2 protein chains.
Amino acid sequence: MESELIDYLRQRLPPHPCLRLGAGDDAAVLSLGDAADAVVTVDMLMDGVDFRLEEVDPLRVGRKSLAVNLSDLAAMAVEPVAAVVAVALPKRGGMALAKALYEGILPLAAEFDVAIAGGDTNSWDGPLVVSITAIGRTPTSADGSPTYWRRSGARPGDVLVATGEFGGSILGKHLDFTPRVREARLLGEQYDIRAAIDVSDGLAIDLGRMLAESGCGARLDLASVPISRAAEELAHRSADGSSPLDHALGDGEDFELLLAVEANTAAKLIAEQPLGVPLTVIGQFVAEQGLWQRDAAGAISPLAPRGFLHEFD
Amino acid sequence: MESELIDYLRQRLPPHPCLRLGAGDDAAVLSLGDAADAVVTVDMLMDGVDFRLEEVDPLRVGRKSLAVNLSDLAAMAVEPVAAVVAVALPKRGGMALAKALYEGILPLAAEFDVAIAGGDTNSWDGPLVVSITAIGRTPTSADGSPTYWRRSGARPGDVLVATGEFGGSILGKHLDFTPRVREARLLGEQYDIRAAIDVSDGLAIDLGRMLAESGCGARLDLASVPISRAAEELAHRSADGSSPLDHALGDGEDFELLLAVEANTAAKLIAEQPLGVPLTVIGQFVAEQGLWQRDAAGAISPLAPRGFLHEFD
């Protein structure tokens, strides 16, 4: 029952230095620090679309629900502070399901020092829906102004750098990925990153979004795209003729970062490899609008923005 | 389609002085002012539970989805700043539905100077789900410390004061109520309010929550509870023998405020009636734990915490 779950959570939730008032009142109160701006992002995950409860441990669903939000904060290079959790639970088995979700949410929250500040617990006859809103705060630069990455800062001549590998995330990574929060904050502190986005819907489609905001184009070097083993396995398994590269470009839910940097920064990043995860140059931003691919032979052609889109009419 | 809706919204959303970066990036960035704390609340509404799309204009559903969040901020007497909107849309007719929701959300957001800072738009084969997270900021007291109302400040001897009238909200008010944001901020600035809650699930059950946080009891004067015409109409219509008072105590979704104040403040509030909506003394906080009722003849007995609860097992 709703109040029983709230009591359970209030016992489980640890204190947090930013949390002035947590679960149990009409709203949560967060102290963000004087110079910080608040950063807000929300993601809603639904049974049958973003996961299948009949196939997956709900703990992993809970973890993913928070992780996708932390990935959005990573794409801005800001510091996660808190999250609020809204759920629509199936009436039958809802309490056990809710507790299992939190068994996935709470350890990830602890790992990234995120306060679970409250939420809204509902029940209905429909499938599970989890909507988490994450709150972050901007780091403060030397002159006191807030700093964060945007999608819109890429310029022709900039180099496109990616973290990690792409494709085949449906085989497991889409549930168990580690959001690139620590990597983003290290890069944000030590390097001049001009623009960034996280790959949630697909490398090609999310790169396209970065281009739309930046007002320029990009040429992806197909031979340089890091292809995951899962992408290869999926290509091997599937009968539709799609290659590992196709999976890398279009599968989505990689939750890696795409970065726009100046050429000299790219050279430094590649030489220093400051992250535990590889950084790879995968293309270049160009003046000509649109998304282009260069194959191994050097031929250039348009690249369709493949990936996952919610369709409705 | 998702991107078409986002483009539509970016054209519709007005600028806001607190919104450094709005819809269209990985997260929104809000400037809250140096001394302010961030206040966060979330409510999820589901078709068939909180509204019935087959009976109700979706514009009113959108409006309600934001209004319930603003009511939570009113219960803390804080200033609304922004909201993010996550929706699960039915695939068929989803675009028209989404636009209609925003036709309800945007005017209410404008009325209360709330920036729509972003969201997450999904589609599926299930019913409509809307989850809005509202962000507020605390007013700053003369000594620079943040101020907000909590549920936990009521003490024995305090007087229980309510805004407005109760009961029968299902006849229309649950969709069209005005959140008591302005009233709360005026009261917060001019009077010493010791504790507050908004009535979402029911007068009796929400008063019980205030008592649980405050660690005291309360005695409700049944003859003083302001009963709405809708409660009387509902009692007249319904065959289950419930009285207008029963509806006032248990219907919920009144979105009025319950306030705990010292006796002299209560006297001032009643004499001055500083709000457009009536303030009424409806009971007293007492040392003995629990929720009590005093009938017109003066007899005192326990009052069950009636109201709406999400049930799941």
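## Close-up views of a predicted two-chain model

**View 1. Strand β8 of chain A joins strand β10 (residues 257-261) of chain A through four bridges, and the two run in the antiparallel sense.** The model shown here and in every other view is predicted. To find your bearings in this pairing, start at A:D198, whose bridge partner in β10(A) is A:L257.

**View 2. Seven strands of chain A form an open sheet with mixed pairing.** Reading across, the order is β8-β10-β7-β11-β9-β12-β13. Which strands of chain A are the edge strands? They are β8 (195-198) and β13 (300-302), each of which pairs on one side only. From one strand to the next, the twist averages 30°.

**View 3. Helix α6 (residues 203-214) of chain A lies across four strands of the sheet, namely β8, β9 (217-221), β10 and β12 (290-294).** Take β8(A) as your reference here: α6(A) runs at about 145° to that strand.

**View 4. Helices α2 (residues 58-74) and α3 (residues 94-111) of chain A cross at roughly 45°.** Their axes come within 7 Å. With that crossing angle, α2(A) and α3(A) are therefore oblique to each other. The crossing in which α2(A) passes α3(A) is right-handed. On the α2(A) side, the contact residues include A:P58, A:L59, A:V61, A:G62 and A:L66. Facing them from α3(A), look for residues including A:L97, A:A100, A:L101, A:G104, A:I105 and A:L108. By character, the residues of this contact divide into 12 nonpolar, three polar and three charged.

**View 5. Strand β2 (residues 28-30) of chain A pairs with strand β3 (residues 38-46) of chain B.** Now we step across from one chain to the other. This pairing is antiparallel and has three bridges. A handy landmark is A:L30, which has B:A38 as its bridge partner in β3(B).

**View 6. Chains A and B meet in a contact that takes 65 residues from each.** What is the make-up of the side of chain A that touches chain B? Its residues divide into 32 nonpolar, 16 polar and 17 charged.

**View 7. Chain A is superposed on chain B by a rotation of 180°, with 0.0 Å of shift along the axis and an RMSD of 0.0 Å.** That is the relation of a two-fold axis. Which residue of chain A has the C-alpha nearest the axis? It is A:D34, with its C-alpha 2.4 Å from the axis. The same surface serves both copies, as 100% of the contact residues of chain A recur in chain B.

Notes
Residues numbered from 1 in each chain as written. Chains lettered and ligands numbered in written order. Predicted model: local features only at pLDDT ≥ 70, side-chain atom pairs only at ≥ 80, totals over all residues. Pairing = 2+ DSSP bridges. Axes fitted to C-alpha atoms, helices over the stretch in contact; angles between N-to-C directions. Contact = placed C-beta atoms within 7 Å. Nonpolar A, V, L, I, M, F, W, Y, C, P; charged D, E, K, R; others polar. Parallel < 35°, antiparallel > 145°, perpendicular 65-115°, else oblique. Left-handed = near helix turned anticlockwise from the far one by under 90°. Least-squares fit on C-alpha atoms with pLDDT ≥ 70 in both.
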